[in-house]
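Me: I would like a close look at a single part of this model. Please keep it brisk and build outward from that part.

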Amino acid sequence: MTQLLNVKDLRAYYGQVQALHGLSFSLNEGSLTTLLGANGAGKTTTLRAICNMVRSTGGIEFDGKPLNNRSTESIVRFGIAHVPQGRGTFTTMTVEENLQLGAITRKDSAGIVSDIERMYAHFPVLKQRHTQQAGTLSGGEQQMLAVARALMLRPRLMLLDEPSFGLAPLVVRDLFGILGKINREDKVSILVVEQNAQLALELADQAYVIETGRIVMSGNAKDIANNEEIRKSYLGY
Amino acid sequence: MELFTNQVLAGIATGAIYACMALAVVMIYQAIDHLNFAQGEMAMFSTFISWQLMQWGLSYWTAFVVTLAFSFVAGIAIERILFKPLAKAPVLTNVAGFIALFAIINSSAGLIWDFTIKQYPTPFGSAPFLGSQLISTHQAGMIGVTVLLLLGLYFFFQYTRIGLAMRAAASVPESARLVGINTSWMIALGWGMATAIGSIAGMLIAPVVFLEPNMMGGVLIYGFAAAVLGGLSSPFGAVVGGFLVGVFENLAGTYIPGVGNELKLPIALALIISVLVVKPAGLFGRQIVKRV
């Protein structure tokens with residue numbers, strides 16, 4: 001399997017405070033990889049560093065090309081879609097406009113129209129509400145919209161930051177089912193950051209565990225899920 | 001009754017200008033969260049450019065179009081040179097920037113064209129409109145041009161991809177960058193468009209207030225009043241606010257004893273303060289419906 005994303009010795013800073021202390025990991029093409037860890041471990045910072053939304057040093061390579069020192073908006077053009085924490089919904093715009101914005105860097109208008117229909121097939125609730133102001137959707141619906149908006153890019157890699165946050169357990173199941181389907185059927189590689197380790201490990205094939213800005217554990221998701229010691233000491237279940 | 005109709009129509013005509021100024025102010029406010037105090041001076045300078053072009057023999061409409069293009073580019077240049085570096089600076093630094101811009105433009109215009117009052121032509125003439133004494137052809141032209149401009153802007157923002165991208169960049173900048181929108185250039189584009197809109201206001205009002213470096217002072221205050229009344233977060237509100245302020249100003253000047261022409265401006269300021277006290281978000285200010 002080829003490596004799609006390769007992160008080496010990543011250090012990130014918020015002002016004077018260092019949040020990541022030399023973090024290295026990689027993600028294979030077609031994989032669904034999860035980054036686990038407690039609050040404040042540096043999961044979100046890692047995703048933000050990949051998209052150059054926080055000051056960082058170290059090597060980030062996507063498909064063999066370095067991403068360092070590129071602007072956030074140009075990194076999107078490599079085919080990296082980032083669903084930020086809190087979903088980043090354009091709340092004052094309609095659901096359909098949100099989807100169109102996901103495809104704003106694409107030029108193929110026919111493809112965009114058919115992709116919007118595809119998203120409505122994935123997420124029927126969005127079709128029902130396509131003229132509605134996106135801010136009026138429920139949390140779960142907004143998360144669906146955020147995933148759909150990211151997919152409108154036709155990304156090669158999707159970065160998801162805590163997709164389960166604030167959602168009812170049933171909605172989370174639903175959402176994770178769809179993510180698995182997108183990963184298998186649309187061949188989108190996914191890097192998902194989660195606090196809900198149990199669920200993320202069921203879904204993922206690879207997993208990394210972060211603690212205070214360092215990778216402390218990595219491996220096959222099943223192995224990690226089955227290792228009681230890791231579960232107890234790092235994942236808390 | 002005729003006096004009333006006459007005053008309302010005249011109010012709508014000057015209100016069109018206030019609407020343009022308010023819209024320009026709101027566009028920049030949406031993009032960078034600051035009030036552009038120099039909006040009026042920028043419009044005045046553009047108007048002088050168009051006047052100069054006509055002095056050099058260009059026809060009115062050629063000068064009009066060239067001035068629009070000049071203003072658009074100048075707006076972008078001002079943003080790139082002066083306000084992009086200030087993007088992360090504190091509010092007061094930006095305010096100082098705007099005041100500096102105000103002073104620089106005002107003095108340069110005085111230096112180049114001096115402070116004497118100049119006649120400015122109108123392409124619409126000043127005969128009674130359609131034989132009616134109620135409104136002149138120039139006033140009708142002011143309303144007509146503004147309505148066309150507003151329709152054009154509506155279609156631009158509602159139905160073009162770049163319009164959509166500009167709205168996205170103004171509403172949630174971080175998400176806009178994450179879908180690949182170059183928000184920095186969207187802000188510059190907003191400056192260019194706002195400056196061009198302001199220049200239209202300047203060229204339309206110049207035949208009424210005459211051309212001189214301080215011509216836009218009062219107009220901008222009315223524009224601010226309109227923007228505050230309509231709601232600084234709402235371009236639609238700014239436009240409605242502009243027409244309301246124009247009509248209100250005229251009716252107050254006509255019917256409230258002792259107001260006359262002299263006290264019209266304080267009325268605009270009183271309006272700003274009352275709106276800020278009673279309804280800070282303005283008539284159409286954004287009330288985001290949000291569920292968490």
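How many of the residues of helix 1 of chain A are buried, and is that helix enclosed or open to its surroundings?

Reply: This is a predicted model: local features need pLDDT of at least 70, side-chain atom pairs count only at pLDDT 80 or more, and totals for chains, interfaces and linings use all residues. Residues are numbered from 1 along each chain as its sequence is written, while chains are lettered from A and ligands numbered from 1 in the order in which they are written.

Start with the helix itself. Eight of the eight residues of helix 1 of chain A are buried, so the helix is largely enclosed by the rest of the structure. Buried means 20 or more other C-beta atoms within 10 Å of a residue's own; exposed means 12 or fewer, partly exposed lies in between, and C-beta atoms are placed from the backbone. Helices (H or I, at least four residues) and strands (E, at least two) are DSSP runs numbered from the N terminus. The buried set is A:Lys43, A:Thr44, A:Thr45, A:Thr46, A:Leu47, A:Arg48, A:Ala49 and A:Ile50. After the helix comes A:Asn52, with a positive phi near 55°.

Now the surroundings. Chain A holds an open sheet of six strands, ordered 6-7-8-3-9-10, with mixed pairing. Two strands count as paired if DSSP finds at least two bridges between them. Strand 6 (80-83) and strand 10 (214-220) of chain A are the edges; each has a single partner strand, so one side of each is left without a neighbour in the sheet. From one strand to the next, the twist averages 15°. Helix 1 (residues 43-50) of chain A packs on this sheet. It touches strand 3, strand 6, strand 7 (157-161), strand 8 and strand 9 (206-211) of chain A. Contact here means C-beta atoms, placed from the backbone, within 7 Å. The direction of helix 1 makes about 145° with that of strand 7 of chain A. Axes are lines fitted to C-alpha atoms, for helices over the stretch in contact, and angles run from 0 to 180 degrees between N-to-C directions.

Next, the strands under the helix. Five of the five residues of strand 7 of chain A are buried. Both of its faces are covered: A:Leu157, A:Leu159 and A:Asp161 lie on one side, A:Met158 and A:Leu160 on the other. Strand 7 of chain A is joined to strand 6 of chain A by four bridges, in parallel. A:Ala81 has A:Met158 as its bridge partner. Strand 7 and strand 8 of chain A also pair in the parallel sense, over five bridges. There A:Leu157 stands opposite A:Ser189. Strand 3 (residues 32-36) and strand 8 (residues 189-194) of chain A are again parallel, over five bridges. A:Leu36 faces A:Glu194 in that pairing.

A second sheet meets the helix too. It is open, with four strands in the order 2-1-4-5 of chain A and antiparallel pairing. Strand 2 (17-28) and strand 5 (65-66) of chain A form its edges, each with a single partner strand, so one side of each is left without a neighbour in the sheet. Helix 1 of chain A lies across strand 1 (3-14), strand 2 and strand 4 of chain A, at about 70° to strand 2. Strand 4 (residues 55-62) runs antiparallel to strand 5 of chain A, with two bridges between them. One opposed pair is A:Glu61 and A:Pro66.

One residue ties the helix to the other chain. A:His82 sits in strand 6 of chain A and is buried, with 28 other C-beta atoms within 10 Å. Leaving out residues up to four places away in sequence, A:His82 touches A:Leu47, A:Cys51, A:Leu159 and B:Leu178. A:Leu47 belongs to the buried helix 1 of chain A. In the wider contact between the chains, 21 residues of chain B meet 23 residues of chain A. Helix 6 (161-171) and helix 7 (173-178) of chain B each supply at least two residues of the side of chain B that touches chain A.

Finally, the whole chain. Chain A has 10 helices and 10 strands. Buried residues make up 46% of its 237 residues. Its C-alpha trace spans about 45 × 40 × 35 Å along the principal axes.

Notes: Contact = placed C-beta atoms within 7 Å.
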